[in-house]
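Hi,

Here is the structure I promised to pass on. Have a look at it first, and then read on for what turned up.

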Amino acid sequence: MKQFIVALSLVVLVTLAASAQDDPLPDSVSQAYLAYENAMAAQDYVAASEAARAAWQAARDERIDAELIGILAENYGNLALRRGLPEEAYPAWRSAAEISDRLRASQTERATRWYQASLSAFANGDIRDARQCSLRASRSVGGREDSVAPSLAGDIHYMVALSSGQLGRLRTMSGHAALALEAFEASGRSPDRVLANAHYLAGVGQYFEGERLDALYNFHISRSMFASVEAAGADTDNVRTTTAWIQLARGAATAEDRALVDARIAASAYPETGAHPSWSDSEGANIYDVDAVVAGTRAQPRYPVRAAEAGIDGIVVVRFDVTESGRTDSATVVAAAPGGVFDDETLQAVASWRYEPAQIGGQAVRRVGLLTRFQFTMCELPTAWQCRMQSEAEAEADADAE
């Protein structure tokens with residue numbers, strides 16, 4: 001499943017004029033800052049970036065007012081991201097965010113800077129730092145989403161969900177994906193890949209937690225959005241992945257369940273025609289006189305030792321065929337969260353399964369396109385709610401980690 005981050009904003013010129021500092025700036029800072037302003041005016045962003053970095057460094061060396069250092073770090077962080085240098089943008093944005101925390105700046109400033117730090121870390125492949133920074137940003141928002149713009153709150157919660165999913169913190173992913181969707185709806189966000197992926201992450205988390213109808217709803221909306229924002233009519237990876245989840249999730253849905261999902265889609269903010277569910281039988285099942293049936297006990301995959309030690313949760317969807325002799329064949333991982341952690345163990349387990357083969361006209365035939373899923377969790381608490389509370393406590397600890 002492809003992952004998406006929010007598009008970066010254009011560079012914004014942050015000036016020092018509003019600063020409360022009365023003393024003149026040291027020459028090393030003022031000269032570099034003047035060069036930055038001139039380069040920005042000329043739209044020479046390479047020169048502006050170099051000057052912004054020099055001004056920030058000089059300000060730190062001279063130990064000027066912390067608020068000004070934060071502004072200069074923000075200037076450089078913006079430009080480094082624009083130039084595609086997330087490894088340089090990250091320390092600048094993190095420094096600016098830490099200064100905002102120390103100075104007890106506004107919630108919007110703190111949330112914005114921690115969010116930009118998380119974007120920089122994510123773009124640099126530092127998923128753990130991205131998660132930590134996005135959790136700090138969400139803490140700045142806290143339970144007061146009305147104190148920041150809904151679009152910013154949505155972006156922050158989405159980044160927490162995205163990074164948590166890649167690290168196997170599925171319950172944290174689920175909760176923040178739901179918060180992201182609420183904020184995106186409040187902001188009036190139009191369908192795009194980020195919104196489609198937010199619905200997808202919410203669906204995966206809900207399925208993992210046993211909330212199958214909520215998951216089914218989000219998978220339908222996600223598939224519809226991916227189909228509309230990607231190449232028109234194309235059978236993209238994202239469309240195929242969400243379709244597989246729908247086929248898996250709808251299997252246990254009753255007629256009443258299906259009616260509820262239909263009604264919810266129709267009442268949603270995105271009731272696209274393409275989102276309307278198809279409640280036909282599982283893919284290909286109706287062509288067999290007798291479908292393949294499990295023979296004996298199906299071995300379950302082992303929990304990878306490193307994943308268990310790290311407390312990583314996971315969920316994996318596998319598609320496979322059953323041959324005329326009842327052996328499994330062509331097993332592939334359709335979706336996994338997190339990717340690559342549990343794949344090998346699940347495929348080994350499926351390879352050992354045996355079936356009574358499917359039949360057509362009394363003859364054993366190959367059964368194609370069966371789906372199954374495996375869940376891995378280290379939480380031994382009796383309810384999903386208790387596991388969620390435990391995950392939230394762990395997320396708080398992660399946000400505080402250095």
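The second largest pocket holds about 270 Å³ of space. Keep in mind while you look at it that this is a predicted model. Which residues sit closest to the pocket's centre? Out of the 16 that line it, they are Leu181, Glu185, His199, Tyr217 and Arg264. Helix H8 (170-187), H9 and helix H10 (212-229) each give two or more residues to the lining, and H8 has the largest share of it, with five. Sorted by class, the lining is made up of eight nonpolar, four polar and four charged residues.

H9 turns up again in the inside of the protein. The largest nonpolar core has 90 residues, and the ones that touch the most other members are Tyr36, Tyr158, Leu201, Val204, Trp245 and Ile315. Helix H9 (residues 193-208) supplies the largest share of this core, ten residues. If you want one residue to click on, try Val204: leaving aside residues up to four places away in sequence, Val204 touches Met173, Phe219, Trp245, Ile315 and Ala337. Another core, of 16 residues, lies apart from that one, and its members include Val318, Val322, Val350 and Ala358. As background, nonpolar side chains tend to be buried together in soluble globular proteins.

Next, a helix to look at from end to end. Helix H6 covers residues 127-141, and its first and last C-alpha atoms are 21 Å apart, close to the 21 Å expected at 1.5 Å a residue. Is H6 mostly covered or mostly open? Mostly covered, with twelve of its 15 residues buried. The buried ones are not just nonpolar by name: among them you'll find Arg131, Gln132 and Arg136, along with Ile127, Leu135 and Val141.

Two other buried residues are worth a click. Tyr33 is in helix H1 (residues 27-41), and it counts as buried because its relative accessibility is 9%, under the 20% cut-off. Its C-alpha is 6.6 Å from that of Ala52, although the two are 19 residues apart along the chain. Arg94, in helix H4 (residues 86-102), also counts as buried, because its relative accessibility is 9%. For Arg94, the partner is Trp114: 20 residues separate them in sequence, and 6.6 Å separate their C-alpha atoms in space.

Last, some backbone oddities. Most residues other than glycine have a negative phi, and most peptide bonds are trans. What is the peptide bond from Ala337 to Pro338, cis or trans? It is cis, with omega near -5°. You'll find Pro338 in the loop between strand E3 (328-337) and helix H14 (343-351).

Strand E3 also holds Ser330, which has a positive phi of about 60° although it is not a glycine. Ser330 counts as partly exposed because its relative accessibility is 44%. Gln43 has a positive phi of about 60° too, and it is not a glycine either. Gln43 is placed in the loop between H1 and helix H2 (45-62). Is Gln43 buried or exposed? With 58% relative accessibility, Gln43 counts as exposed.

Happy browsing!

Key
Residues are numbered from 1 along each chain as its sequence is written. This is a predicted model: local features need pLDDT of at least 70, side-chain atom pairs count only at pLDDT 80 or more; totals for chains, interfaces and linings use all residues. Side-chain values use heavy atoms; hydrogens and water are left out. A nonpolar core is a set of buried Ala, Val, Leu, Ile, Met, Phe, Trp, Tyr and Cys residues joined through side-chain atoms within 4.5 Å. Buried means under 20% relative accessible area, exposed over 50%, partly exposed in between (1.4 Å probe, protein chains only). Helices (H or I, at least four residues) and strands (E, at least two) are DSSP runs, numbered from the N terminus. Contact means heavy atoms within 4.5 Å. The expected span of a helix is 1.5 Å times one less than its number of residues. On a 1 Å grid over the protein atoms alone, a cavity is a set of points where a 1.4 Å probe fits but cannot get out, and a pocket is an open set with protein on both sides within 12 Å along at least five of seven lines; lining residues have an atom within 4 Å of a point. Grid points are joined across faces, edges and corners, and a volume is the space filled by probe spheres set on the points. Ala, Val, Leu, Ile, Met, Phe, Trp, Tyr, Cys and Pro count as nonpolar, Asp, Glu, Lys and Arg as charged, and the others, Gly among them, as polar.
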